[in-house]
Each structure stands twice: as structure tokens, then as C-alpha cells.
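Student: I am new to this structure and should like to be guided through it. Please show it to me, and then let us discuss it.

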Amino acid sequence: MIYIDSKGHYISCTTLIACDESGTHGVPHYGFGSLWLKWQRRGDFLADYRAITENHGFEGECKWSRATRKHLLPFYEELITYFFKRQSMVFHCIVVRKEIVQKEEFHNGDWDLARRKHFTMLLTSNMKKALRRYPNREHEFRVYVDPIASRYSKADEAVEVISNNILNQRFNSKSPVKAVLTKDSKETPLIQLCDLMLGAVMETWHQRTSNPTKLAIRDCIAKHLGWDSLSYDTLPTERKFNIWYFHDPMRERRQVRTEKVNLLFPYDSNRLK
């Protein structure tokens with residue numbers, strides 16, 4: 001919930017975070033995406049999403065793997081523009097090159113554990129920024145995640161516990177992560193949109209598609225960022241659309257160039273819309 005004091009200042013807020021992963025098999029990178037939305041705007045998003053799908057006759061899941069039909073490109077372009085125009089939504093992802101992961105040293109030789117750690121790192125990094133940015137607010141985070149590719153049946157519960165433990169140590173025993181819930185993406189359009197944007201980023205880095213619709217979706221996102229492609233990462237301070245390339249300077253030369261974002265629709269981080 002969001003609570004406002006007598007002077008109109010926000011003193012408490014709840015954020016919904018929809019998450020997805022990519023690159024679990026046969027590719028040089030894996031990654032996680034997170035789409036952040038003010039909790040009280042989730043109904044608005046669902047209504048707007050349904051209106052856009054009806055306008056274009058779109059049916060089924062809006063996921064990257066299915067974004068191949070040319071006649072539906074206007075649907076994807078309108079949905080992407082919708083995201084970039086909305087002040088209440090942001091997208092953050094992390095991309096990890098598998099070659100630099102010190103699996104034996106830090107993850108008990110386990111890819112499963114390494115991926116879950118990087119996913120938790122993405123979430124807590126941004127949660128810390130929110131807690132520091134608005135220290136006088138009471139924060140709650142509710143996380144929806146597509147089933148995590150893990151042999152551990154309670155991977156979502158582990159993410160919740162570990163996230164709160166990390167935040168507790170930094171912010172005086174606060175436990176702002178109220179729930180990490182596994183959701184079926186077929187019934188969760190916010191996860192589908194996260195999947196679409198994460199897929200566009202990851203596919204650019206893997207260079208494995210020649211489908212003209214997917215190439216156009218990638219170009220559409222890049223245009224909204226003021227870029228010529230999605231082959232860069234962003235500055236750590238970028239709020240609206242953030243690509244975090246997980247780089248280990250002790251093990252590799254940097255593989256990507258950091259590019260400043262120049263949004264087609266400027267983002268005001270102080271506004272709630």
C-alpha cells in the first residue's frame with residue numbers, strides 16, 4: 001500500500017516486481033530481468049494491457065520466444081512504447097558471462113546456486129537503492145517470478161529469506177521483502193513483458209536470431225533508449241531501463257561498452273504516475 005502524510009508526502013509504498021530468467025542452456029550468457037511497478041498501479045497496467053491486446057487482436061503469451069509474427073509487430077511496438085511512457089514502471093536486468101563465474105571458489109561448484117545468487121543480487125541491489133533514496137518511507141516489495149530453473153523446489157522461498165537477511169544487515173533489521181511467489185507467466189502479463197524485454201537484450205548479446213520481427217523489437221527498444229542497438233550496458237545510475245553487465249576485472253577484459261541512455265520519453269524518477 002501507499003500512505004500519504006498530512007503534507008502530501010509519501011511515507012509508505014509497496015512495489016510489485018515481476019521477474020524472469022534467460023540463458024539457462026547452451027548460450028554464453030545467462031541473465032535475469034525485473035520489471036518494477038507501483039503496487040497500486042497493477043490494475044491500471046492489466047486494463048491497459050488488455051486494451052492493447054484487443055486493439056491488435058493479440059492472443060496468447062507475449063513472450064520473446066513467440067515474438068516471431070510480422071503482422072503483430074505493431075502490437076509489440078505499442079507495448080514497448082507504453083512501458084517507456086509510464087513513470088510508474090522500470091526495468092532492470094543483469095547479464096552474466098558464464099566464463100567468468102568462479103563456480104568452484106564461490107558457489108560450491110554449482111551452477112544452480114550461482115544463478116540463484118545472481119538473481120538475488122539483482123533484486124537486493126535495487127532494493128538497497130530504493131531504501132537509501134527514500135529512508136523515511138516504509139517499503140514493501142512483493143516479487144512475482146516465473147518458475148526458477150532450479151532443482152531446489154523452494155527456490156522462491158530461499159530468495160525471500162536471503163534477500164531479507166541481506167537487507168537486514170544493511171538497514172537495521174528491516175525485512176521489506178514480504179513475498180516471493182512463483183507465478184505462471186500465462187496468467188501474469190507483467191512477467192510476459194519482462195520476458196519480452198529481457199529476451200531482446202539477451203538475444204542481442206548472443207546474436208542468434210535472424211527473425212525480422214525480433215530484430216525490429218530489439219531496434220524499437222534501442223530507439224527508446226537513444227541507442228543504435230542493445231549491445232551496450234548502462235551506467236549503474238540509470239533508473240528507467242538498466243542493463244547490468246556482471247564484470248570481474250580480475251578475470252577478463254571488459255566485453256561491452258557502457259553507453260549513456262538518452263530516453264525518447266524522459267523519465268522523472270521523482271514522479272508517481
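**Fold, cores and helix packing**

Tutor: Among contacts (heavy atoms within 4.5 Å) in the chain between residues at least 6 apart in sequence, 72% join residues at least 24 apart. This is a predicted model, in which local features need pLDDT of at least 70 and side-chain atom pairs count only at pLDDT 80 or more, while totals for chains, interfaces and linings use all residues. Residues are numbered from 1 along each chain as its sequence is written, and side-chain values use heavy atoms, with hydrogens and water left out.

Student: How many helices and strands are there in the chain?

Tutor: Helices (H or I, at least four residues) and strands (E, at least two) are DSSP runs, numbered from the N terminus. From that terminus on, the elements follow the order β-β-β-α-α-β-α-α-β-α-β-α-α-β. The chain thus holds 7 helices and 7 strands.

Student: Which element gives the largest share of the largest nonpolar core?

Tutor: A nonpolar core is a set of buried Ala, Val, Leu, Ile, Met, Phe, Trp, Tyr and Cys residues joined through side-chain atoms within 4.5 Å; buried means under 20% relative accessible area, exposed over 50%, and partly exposed in between (1.4 Å probe, protein chains only). The largest such core has 52 residues, and L35, I221 and F241 have the most contacts inside it. Elements giving two or more residues to this core include β3 (29-38), α1 (42-56) and α7 (212-225). The largest share, 11 residues, comes from α6.

Student: Which residues does F241 touch, not counting residues up to four places away in sequence?

Tutor: F241 is one of the residues with the most contacts inside the largest core. With residues up to four places away in sequence not counted, the residues that F241 touches are F83, F84, F91, M197, V201, I221, L225, T234 and V261.

Student: Are α2 and α7 roughly parallel or roughly perpendicular to each other?

Tutor: Axes are lines fitted to C-alpha atoms, for helices over the stretch in contact, and angles run from 0 to 180 degrees between N-to-C directions. Angles under 35 degrees count as roughly parallel, over 145 as roughly antiparallel, 65 to 115 as roughly perpendicular and the rest as oblique. The axes of α2 and α7 lie 10 Å apart, at an angle of about 25°. The two helices are therefore roughly parallel.

Student: How do the residues of the contact of α6 with α7 divide into nonpolar, polar and charged?

Tutor: α6 and α7 pack at about 100°, with their axes 10 Å apart, which makes α6 roughly perpendicular to α7. In this contact, L196, M197, A200, E203 and T204 of α6 meet K214, I217, R218 and I221 of α7. Ala, Val, Leu, Ile, Met, Phe, Trp, Tyr, Cys and Pro count as nonpolar, Asp, Glu, Lys and Arg as charged, and the others, Gly among them, as polar. The division is 5 nonpolar, 1 polar and 3 charged.

Student: Which residues in α6 do F45, L46 and Y49 in α1 meet?

Tutor: The axes of α1 and α6 come within 10 Å and cross at roughly 70°, which makes α1 roughly perpendicular to α6. By class, the contact has 6 nonpolar, 1 polar and no charged residues. The residues met in α6 are P189, L190, Q192 and L193.

Student: What separates the C-alpha atoms of H56 and F75?

Tutor: H56 lies in helix α1 and counts as partly exposed, at 25% relative accessibility. Leaving aside neighbours within four places in sequence, H56 is in contact with L72, P74, F75 and E78. H56 and F75 are 19 residues apart along the chain, and their C-alpha atoms are separated by 5.8 Å.
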